[in-house]
Structure formats: C-alpha cells, structure tokens
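Colleague: Please take one short helix and look closely at its packing. Then follow its surroundings into the core and the empty spaces.

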Amino acid sequence: SRFMHTVGSRNLQEADPLYNSVITVENDEEEKQYKLYGRRWIMLTIFCFVTLGASSLQMVYAPIASVVSKHYGVTSKDVDLMAICFNLLALPSSILSAYVMVRFGLKKTLMLGLCGTATGAWMRFLAAYMSSTLAVQFWVMVAGQCISAIFATCISLNVISMMAGNWFGEGERSIAASLGFIWNLLGMGLVFGMVPAVVSSDSTGLQYVLVGEAGYLSSLFIIVLLFFQDRPDTPPSAAGCKKDQGEGGNSFLQNIKLVLTNIHYIFLLIGMGGCFGAFQSLNTLLNSVMIPLGFTPQQAGMFGVGIISCGLGGALISGAVLGKFPTAHREIIWSCAFLMTAGMTFFTFMLTPDQYYIALACTCVMGFGALGALPVIFDLAVEITYPVPEGVSTGLITMLGCLFTVAETYIMEAWKDPEPPHSMQKALYWNLGVTIFCAFAITGSNGQYKRRAHEAEESRKFAGEKKVRNATNMARAEGMM
C-alpha cells in the first residue's frame with residue numbers, strides 16, 4: 001500500500017487521468033486510497049495475448065491428427081499425446097504455478113511460463129531438421145510439447161483470477177477475468193480454424209505453424225520483461241491490499257489444507273473437474289468421433305470452431321451478468337451446466353452427417369455452457385476460499401480438471417468399437433453420464449462469499465472512522481470559535 005498526503009493526492013488525481021479514486025480512507029494527516037489505474041487495461045491486454053499463446057500450444061495437433069499420424073508413421077493415440085501430455089503433467093505444473101504465484105508474484109510467474117513454453121516450442125520446430133528418422137523426430141516433438149506443458153499453467157487459467165484481483169476493483173474483476181478466459185479460448189479457436197487451412201494433407205505448412213508459435217511466445221517474453229507490472233502501487237480494493245490474498249502467515253501446504261477441508265469447495269472442485277474433463281476429452285477426440293461417421297476433417301474443424309466461438313460468447317455474457325449481479329454465481333453456473341448437458345445429450349444421439357447443422361448447433365450450445373461457466377466458477381472458488389491465494393484455489397480446479405481429462409480420454413478410447421461408423425458411440429454415452437453426474441455435484445457448493453464480506457467490512461470500518469473524524473473535526477472547529 002502507498003500513503004499520500006491529502007493535497008498531493010488530489011493534485012495527482014486532477015493532473016493524471018490514469019488515476020481514479022474508488023475508496024478513500026483518511027488516517028490522521030495522511031490518507032490511504034484504493035485506486036484504479038488506467039494502465040490496468042494495458043496490463044490486461046498484454047496478459048490476454050500471453051494466455052492466447054498458452055492455449056494454442058495444447059490443441060495445435062488436434063485438428064490435423066490424421067495428417068500428422070500419416071506423415072510421421074505413428075498411431076492416432078500417439079498424436080493424441082500432444083494434447084494429453086498437458087493433462088498428464090497437470091499435477092506438477094499446477095503445483096509449480098501456484099507456488100510461484102504465491103512466492104514470487106504475477107510478473108515472474110508469467111516470465112517463467114513464457115520462458116518454458118517458448119523453449120518447448122522451439123524444440124518442436126527444430127526437431128524437423130534433425131538428421132534422423134521421422135519417428136524419432138516425432139518423439140522429439142513430443143518431448144518439446146511436454147516441456148511446454150510443464151510451464152503452460154503459469155500463463156494459462158491458473159493466473160487469470162490473480163491478474164483480475166491485482167489490477168481491478170470489485171466491480172470489474174468478473175469482466176477482467178472473463179476477458180482473460182475469452183482470449184484463452186480464442187487461442188484454441190484460432191488453432192481449429194487456421195491450422196487445417198495452413199497445413200495440407202501431406203503435412204506441408206506444419207513448420208510454419210510451429211515456428212510461428214515459438215516466435216510468438218519468445219516475443220511475448222520480451223514484452224512482459226520490459227513492460228508488464230506485477231501490481232499497481234496502490235491496491236484497487238480492500239481484498240487487494242495484501243501482497244497476495246492469502247498472506248497471513250499460512251504456508252503453501254497450509255493453504256492447500258484450508259481449501260481441501262472446505263466442503264463447498266470440494267463440491268465445486270469435483271463437479272467442475274468432472275465436467276471440464278468430459279468436455280476436454282470430447283474436444284481432444286473430436287476427429288476420432290466424427291471421421292468414422294463420414295464427416296470430413298474440415299467439418300470436424302468447424303465443430304471445434306463452433307464450440308470455441310460460442311464458448312467465447314458464453315464467457316463474455318456470464319462475466320457481464322456477474323458484473324451486474326455480483327452474487328449470482330450459482331444461478332449462472334447452474335444455467336450453464338444445464339446448457340452443457342442438454343447440448344451434449346443431443347450431440348450424442350444426433351451425430352450423423354445428414355444432421356450436420358443440428359449436430360453443429362448442439363456443439364455450440366455445449367461450448368456456450370461449458371466454457372461460459374469457467375470464469376464464474378473460478379471467481380466463486382476465490383470467493384468461498386478467501387483469504388487463500390487465488391493460485392491455490394484455482395490451480396487445484398485446473399489440476400483436477402486436467403487429470404479428469406486424461407482419465408476420460410483413455411476411458412473413451414477403451415470404449416472405442418473397432419468397427420466403424422459408430423466406433424465411439426459407447427464412449428459418448430459414458431461421457432454424457434459423467435457430465436450429468438458432475439453437473440449435479442456442482443449444485444452442492446453453497447459457501448459464503450468471504451472476499452465480498454471482507455471488502456464490505458473494510459467499507460463499514462472506513463465509514464465509521466470517517467464519521468468519528470468528521471465529528472471530532474467539527475468539535476475542534478466549534479471550540480476554536
């Protein structure tokens with residue numbers, strides 16, 4: 001926190017439009033202020049480009065799985081490892097990102113994530129120039145993808161809530177978080193829309209995609225190093241006053257214990273983890289589900305674009321509604337869970353080439369519900385576990401979601417029928433059952449809004465102290481008269 005003299009702070013606010021006083025707390029001859037800085041939007045813009053790069057890494061091979069499999073002479077399961085490795089490594093990567101966020105702050109977390117992911121991306125690109133067989137080149141690419149996966153959570157979903165809490169006030173946090181999620185989804189949407197257009201059936205163009213990702217991440221590392229600021233000099237709200245929102249003497253393991261003994265968080269953790277895993281596993285195996293039914297790779301890519309684009313709209317709308325109604329988390333989540341379940345149900349039973357547009361509409365509804373709920377669930381997790389750091393409460397949800405994705409993907413592969421066209425129908429039934437069960441589990445979360453309660457208490461203290469000081473000043477003035 002920063003303390004400024006009353007006259008000096010007023011002059012600063014009048015002279016500099018980047019300063020916008022939200023709450024002012026006087027303290028004798030000085031005053032402490034919560035401020036919203038105009039440059040918060042610059043920080044959010046940089047962050048959005050960072051999280052876009054992180055999300056594109058995981059799914060870059062998904063829309064061209066059959067092309068990569070044919071070119072390198074490997075199985076489709078081997079290509080699926082490119083996406084699955086992000087989920088397999090979720091446990092160490094989530095712990096790493098949560099610890100770094102709590103210990104070193106937002107900027108160093110982003111720098112570490114960008115350094116690691118860029119290293120893995122360059123390794124994938126350079127693998128094609130090795131003087132070895134195509135199979136060896138492929139497994140070097142897998143190794144590079146694993147390196148990127150370890151560091152990706154440092155620049156992905158885990159840090160969005162921290163970014164919003166560091167720079168934005170109570171009325172803007174949900175919008176800022178939603179924008180972060182939207183750009184994260186946009187990265188996946190760009191992959192499904194652009195990669196099939198750039199990479200031909202004989203894999204020509206793949207190197208352009210890989211070098212583009214590596215160069216993009218490397219450029220962002222330099223931008224974050226030079227221009228990104230960890231947090232403003234003056235906090236935007238009472239909840240942002242501490243170095244991190246969990247600061248209070250608790251160690252990293254103590255914070256984990258606090259959230260794991262919160263029953264309302266456990267319901268949210270299991271429900272969200274299961275729904276996220278079911279959705280992501282379907283997204284990963286979309287080609288395997290649709291190609292045997294007679295859909296083309298381009299049509300399968302359009303389904304992926306539909307899921308992501310409608311998810312963008314869902315995240316934006318849910319964030320806007322939450323900004324208007326700050327305690328409507330559960331109503332929004334339940335509505336999104338219903339839409340996701342309904343979309344997946346119709347998709348499961350109506351997926352045939354002659355019902356292309358109906359099936360596409362179902363996936364759009366599913367994407368709207370599944371991805372629209374994400375920013376609200378993360379914000380609710382922070383609310384009901386406050387003052388535990390955001391990196392811990394959101395990191396565990398991401399980690400369990402990734403682990404569920406791995407389990408769901410392999411279970412769906414195990415249910416695969418060797419005889420097309422309906423080779424994945426049993427797997428779709430299983431996935432639908434998991435979605436319905438976990439959607440009901442989310443309804444068990446009914447915890448208190450601890451962060452909002454803390455901010456309300458700080459406002460009451462400020463109002464009471466200001467009233468006492470005003471009365472004292474009036475009494476002194478009357479005494480002098």
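Modeller: The buried residues of helix H11 pack against four partners: helix H5 (90–104), helix H12 (263–284), helix H16 (356–385) and helix H17 (390–414). Helices here are DSSP runs of H or I, at least four residues long, numbered from the N terminus. The model is predicted: local features need pLDDT of at least 70 and side-chain atom pairs pLDDT 80 or more, while totals for chains, interfaces and linings use all residues. Numbering starts from 1 along each chain as its sequence is written, and side-chain values use heavy atoms, without hydrogens or water.

H11 spans residues 252–260, and its buried residues are Phe 252, Asn 255, Ile 256 and Val 259. Viewed down the axis of H11, these residues fall within an arc of 100 degrees (taken from the directions from the axis to the C-beta atoms), so they line one face of the helix. Leu 253 and Lys 257 sit on the other side of H11 and are exposed. Buried means under 20% relative accessible area, exposed over 50%, and partly exposed in between, with a 1.4 Å probe and protein chains only.

Now to H16. Thr 385 belongs to this helix. Its relative accessibility is 5%, so Thr 385 counts as buried. Beyond its neighbours within four places in sequence, Thr 385 is in contact (heavy atoms within 4.5 Å) with Val 259, Asn 262, Tyr 265 and Ser 393. Val 259 is also one of the buried residues of H11.

Next, the core. The largest nonpolar core (buried Ala, Val, Leu, Ile, Met, Phe, Trp, Tyr and Cys joined through side-chain atoms within 4.5 Å) has 134 residues. Those with the most contacts inside this core are Tyr 61, Leu 110, Met 163, Phe 303 and Leu 351. H16 gives the core its largest share, 16 residues. Take Leu 110. Apart from neighbours within four places in sequence, Leu 110 is in contact with Phe 47, Val 50, Cys 154, Ile 155, Val 159, Val 224 and Phe 228.

Then the voids. Nine cavities of 30 Å³ or more turn up in a search of the whole structure. A cavity is a set of points, on a 1 Å grid over the protein atoms alone, where a 1.4 Å probe fits but cannot get out; lining residues have an atom within 4 Å of a point. Points join across faces, edges and corners, and volume is the space filled by probe spheres set on them.

The largest cavity has a volume of about 290 Å³. Of its 22 lining residues, Gln 58, Ser 156, Leu 157, Phe 276 and Cys 402 are the closest to its centre. H12, H16 and H17 are among the helices that each supply at least two residues of this lining. By class, the lining has 12 nonpolar, 10 polar and no charged residues. Nonpolar covers Ala, Val, Leu, Ile, Met, Phe, Trp, Tyr, Cys and Pro; charged covers Asp, Glu, Lys and Arg; the others, Gly among them, are polar.

The second largest cavity has a volume of about 110 Å³. Its lining has 15 residues, with Met 272, Cys 275, Met 340, Ala 370 and Ala 373 nearest the centre. H12, helix H15 (329–349) and H16 each give two or more residues to that lining. H16 gives the most, six residues. The split for the second largest cavity is 14 nonpolar, one polar and no charged.

Conventions:
1 Å grid on protein atoms, 1.4 Å probe; cavity = no way out; pocket = protein on both sides within 12 Å on 5 of 7 lines; lining within 4 Å.
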